[in-house]
Every structure is written in C-alpha cells, then in structure tokens.
Amino acid sequence: MKWLSLSLALAVPTQAALRFGCSTLTIQRLDPLVEPGAAPSAHLHQIVGGNAFNASMDPAQGDLGDKGTCTTCTFSEDFSNYWTAVMFFKHTNGSYKRVPIMQNTALPNGINGGMTIYYTQQDFSSNGNTKITAFKPGFRMTVGTPTAESKFGPGLKFVCLNDKGTRFPELDDFPTQRCPGGIMTVHHFPACWDGKNLDSPDHQSHMYNTVKDAFQNSGPCPASHPVRVPQVAYETLWDTTQFNSMWPSDGSNPFVLSYGDNKGYGTHADYVFGWKGDSLQRAMDSSCMFNACENGNPLLSQGVQQMNACSVSKTVTEDIDSWLPEMPGMSGM
Ligand SMILES: *[C@@H]1O[C@H](CO)[C@@H](O)[C@H](O)[C@H]1NC(C)=O
Ligand SMILES: *[C@@H]1O[C@H](CO)[C@@H](O)[C@H](O)[C@H]1NC(C)=O
C-alpha cells in the first residue's frame with residue numbers, strides 16, 4: 001500500500017520494530033496449547049519457529065529457548081512457536097485440497113512457506129515513550145476462537161491480494177471474489193498483559209486487546225492489564241491462484257479454514273514465547289527496525305538455507321496434500 005510505505009520511509013523510528021520471516025516448521029494436527037498431549041488434535045495447523053515444538057509443551061518441561069536446537073526464523077535466538085489454522089479449497093465435487101503457503105514480499109528469497117512475524121511497539125514505528133516489556137519464559141496466548149460466528153474482535157483480517165504487496169482493504173471475513181495474487185490472513189495479538197499470569201484457562205484473559213486495524217496506534221493499557229508487551233502479529237500468504245479457475249458458478253467463496261469455517265470469523269492464532277535469555281528485551285530496548293536488527297545489531301540471525309533446514313518429524317502421519325474427501329479430522333463436514 002502506497003501511503004504505508006511512504007510514511008515508513010519518512011518516519012524516523014524512535015524504537016525497535018521486528019519484522020522477519022519464519023519458514024514452515026511442520027503442518028500437522030497438533031495443538032499443544034489448546035489440546036495438550038492430543039496427537040492428533042481436532043484440526044490441522046501450520047507451525048513455524050523452534051524445533052522444541054511437540055504435542056504437549058508443558059511449561060514445567062522447561063523454556064523453549066533452552067530446549068530448541070534450531071529455528072525456522074531469521075532470528076536464531078527465537079525458539080518461540082507461532083501457529084494458525086490451515087486453508088483448504090473445497091471443490092464443487094466435494095473434494096478438498098490444501099492451499100499452499102507462499103513467502104511474503106520484503107523478505108529474503110527462498111523462504112519455504114511459513115509466516116511473517118512482527119513484534120512492534122505502540123504502532124508500526126514508535127513505542128509511544130512507553131516501556132515495552134518482553135514476555136517471560138513460559139508465556140503463551142491465543143487470539144480468536146474457532147467457534148466465533150461473527151467478527152471476533154480487532155486485528156483478525158483477510159486481504160484479497162492483487163500481488164504480494166497488497167495490504168488494503170483489510171476484511172473481517174473471506175474475500176467474496178477471486179483474488180489475483182492470493183489471500184493473506186493477518187492475526188494481531190493483544191499487547192496488554194496483567195503482569196502476573198503466563199497463561200490463563202482460556203489462554204486469553206491474562207491479555208487485553210487495544211489493537212486497531214493495520215498496525216495503527218493502539219490505546220493505553222487498562223489498570224487490569226497494565227504491562228505493555230510487544231504487539232505480536234502474523235501474516236500468512238496463501239497461494240489460492242491455482243484454484244481461481246475452479247470457483248463455483250454461484251460465486252460463493254470456496255475456501256475454508258481447517259476447522260470447517262468458510263466465513264473466516266473463527267480465524268485464530270497461537271503463540272508460545274521462546275526467545276533465548278534476554279534477547280527479545282534487548283531488541284525492544286534498542287532502536288533497530290526490521291532487518292537492521294540482524295547480524296548482532298542486537299539480534300543474532302541466520303540465512304534462508306538454515307531456516308529451511310530446521311524441521312520436526314511428523315508424529316501425526318496422515319495425508320494432508322492429496323485431493324481429500326474431507327479435511328483431516330473433519331469427518332462428516
Ligand atoms: C515434548 O518435549 C518434552 C521435552 O522437550 C518432553 O519431555 C515431552 O515428553 C515431549 N512430549 C511429547 C508428546 O512428545
Ligand atoms: C474433484 O476435482 C478435482 C480437480 O479436478 C479432482 O482431482 C478430484 O479427484 C475430484 N474429486 C471427485 C470426488 O471427483
């Protein structure tokens with residue numbers, strides 16, 4: 001979007017903002033936060049980040065940052081895990097095909113699928129002179145809920161891409177026309193923490209959302225959740241273009257998220273913190289922006305080949321890539 005890149009070029013960033021790619025770690029029916037231990041979990045997820053990811057991930061088993069030996073993310077001290085549901089195309093003949101994930105623009109070439117991860121401050125380029133406190137080891141949260149039947153809240157968006165650089169308009173649900181460049185899903189997490197709980201039973205009530213659309217300046221944190229933490233956001237680019245010739249003749253949206261949602265209101269995302277030591281705090285206290293934070297300034301980083309080489313083995317082995325009679329785990333839908 002033109003105004004955004006223009007304002008970025010002119011703005012002098014006062015504090016750090018991280019934007020980086022993570023290639024796909026695994027695509028499996030695992031959901032250690034909402035369904036710990038379940039293999040398979042109810043629906044399919046795409047996961048990026050550190051290789052200590054597994055079905056259980058009990059915080060008592062230790063810090064992700066200490067356990068991981070590789071990560072699919074640019075910043076090699078980031079062993080966090082980031083995940084969302086997966087998109088499928090539903091053919092009018094009833095079969096499903098998983099929609100491939102493509103890398104974002106503005107990232108180094110060759111990244112295998114995955115997501116673009118953001119840790120911004122009060123808005124895209126400023127901390128608003130508020131201290132940004134990094135998450136603590138063991139911290140986790142979710143945003144959105146698969147059962148939502150209307151718009152869940154701010155910051156959960158779909159973008160119909162003309163090309164990989166399209167960012168507007170942001171939609172609350174699936175585009176209703178063929179998108180020439182694919183579909184982007186965007187998940188913004190809340191950035192106000194209660195300062196006490198690393199998690200909560202619903203994985204959300206320890207957080208408070210002041211997020212506005214499109215990385216705009218969010219409101220102040222309330223007294224109940226006074227600690228401003230980084231504004232975490234995910235962008236995923238789905239290559240829907242191969243399906244554009246197969247749209248149903250009634251014009252209805254043929255794309256569906258892996259838990260059976262063709263409206264998109266249930267779009268959701270999960271986060272488990274796993275930065276090594278004080279690396280995320282050091283980044284938030286610095287003044288770097290995007291790839292200027294790499295190469296030890298102040299964060300250690302790695303190249304695309306190393307990112308793509310990191311993976312975890314499949315514990316849930318099932319076909320997710322053929323034309324399927326149903327989405328994994330979704331029999332009878
Ligand atoms: C997950 O990994 C931890 C150690 O990192 C291990 O203790 C635990 O048994 C693993 N869980 C599963 C389900 O593999
Ligand atoms: C539906 O169409 C796709 C694409 O042509 C094809 O690969 C698949 O086998 C078809 N499924 C059925 C049940 O005919």
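Okay, so strand S5, residues 87-90, pairs with S16 in the antiparallel sense, and there are three bridges between them. If you want a spot to click on, take Phe89: the residue opposite is Phe255 in S16. Keep in mind that this is a predicted model.

Now zoom out from that pair. S5 belongs to an open sheet of three strands, ordered S6-S5-S16, with antiparallel pairing. The edges are S6, at 96-98, and S16, at 255-257, and each of those pairs on one side only. From one strand to the next, the twist averages 35°.

Next up is S4, residues 81-85. Is this strand mostly covered or mostly open? Mostly covered: five of its five residues are buried. S4 also has two partners to talk about. With S3, residues 45-49, there are five bridges and the strands run antiparallel; Gly49 sits opposite Asn81 of S4 there. With S17, residues 269-272, the pairing is again described as antiparallel, over four bridges. On that side, Tyr82 faces Tyr271 of S17.

Let me pick one residue and walk around it. Ile27 is in strand S2, which covers residues 24-28. Why do we call Ile27 buried? Because there are 20 C-beta neighbours inside 10 Å, and 20 is where the buried class starts. Leaving out residues up to four places away in sequence, Ile27 touches Leu44, Gln46, Val86 and Ile320. And then there's Val312: 285 residues away from Ile27 in sequence, but 9.7 Å away in space, C-alpha to C-alpha.

That leads to the whole chain. Of the contacts with a separation of 6 or more, 72% are between residues 24 or more positions apart. Secondary structure comes to four helices and 17 strands. The C-alpha trace spans about 55 × 45 × 40 Å along the principal axes. Does the radius of gyration agree or disagree with a compact globule? It agrees, because 333 residues would give a value near 20 Å and the chain has 19 Å. Buried residues make up 45% of those 333.

Okay, ligands. Around ligand 1 you'll find Ala52, Asn54, Ala55, Ser56, Gln61 and Lys67. By class, that shell is two nonpolar, three polar and one charged. Ligand 2 has His91, Asn93, Gly94, Ser95 and Trp323 around it. How many charged residues are in the shell of ligand 2? None: the split is one nonpolar, four polar and no charged.

Last bit, backbone geometry, for anyone who likes checking torsions. Most residues other than glycine have a negative phi, and most peptide bonds are trans. Here are some exceptions. Ala39 and Pro40 are joined by a cis peptide bond, omega about 15°, and Pro40 is in the loop between S2 and S3. Asn297 and Pro298 are joined by a cis bond as well, with omega about 5°; Pro298 sits in the loop between H3, 279-285, and H4, 304-309.

On the phi side, Ala106 has a positive value near 70°. Look for Ala106 in the loop between S7, 101-102, and S8, 115-120. Ala106 counts as partly exposed because 13 other C-beta atoms lie within 10 Å. Phe290 is also positive, with phi near 55°, and lies in the loop between H3 and H4. Phe290 has 16 C-beta neighbours inside 10 Å, so that one is partly exposed.

Conventions: Residues are numbered from 1 along each chain as its sequence is written. Chains are lettered from A and ligands numbered from 1 in the order in which they are written. This is a predicted model: local features need pLDDT of at least 70, side-chain atom pairs count only at pLDDT 80 or more; totals for chains, interfaces and linings use all residues. A residue is near a molecule or strand if its C-beta atom, placed from the backbone, lies within 6 Å of it. Ala, Val, Leu, Ile, Met, Phe, Trp, Tyr, Cys and Pro count as nonpolar, Asp, Glu, Lys and Arg as charged, and the others, Gly among them, as polar. A residue is buried if 20 or more other C-beta atoms lie within 10 Å of its own, exposed if 12 or fewer, and partly exposed in between; C-beta atoms are placed from the backbone. Helices (H or I, at least four residues) and strands (E, at least two) are DSSP runs, numbered from the N terminus. Two strands pair if DSSP finds at least two bridges between them. Axes are lines fitted to C-alpha atoms, for helices over the stretch in contact, and angles run from 0 to 180 degrees between N-to-C directions. The radius of gyration is taken over C-alpha atoms; the globule rule is 2.2 Å times the number of residues to the power 0.38. Two residues are in contact if their C-beta atoms, placed from the backbone, lie within 7 Å.
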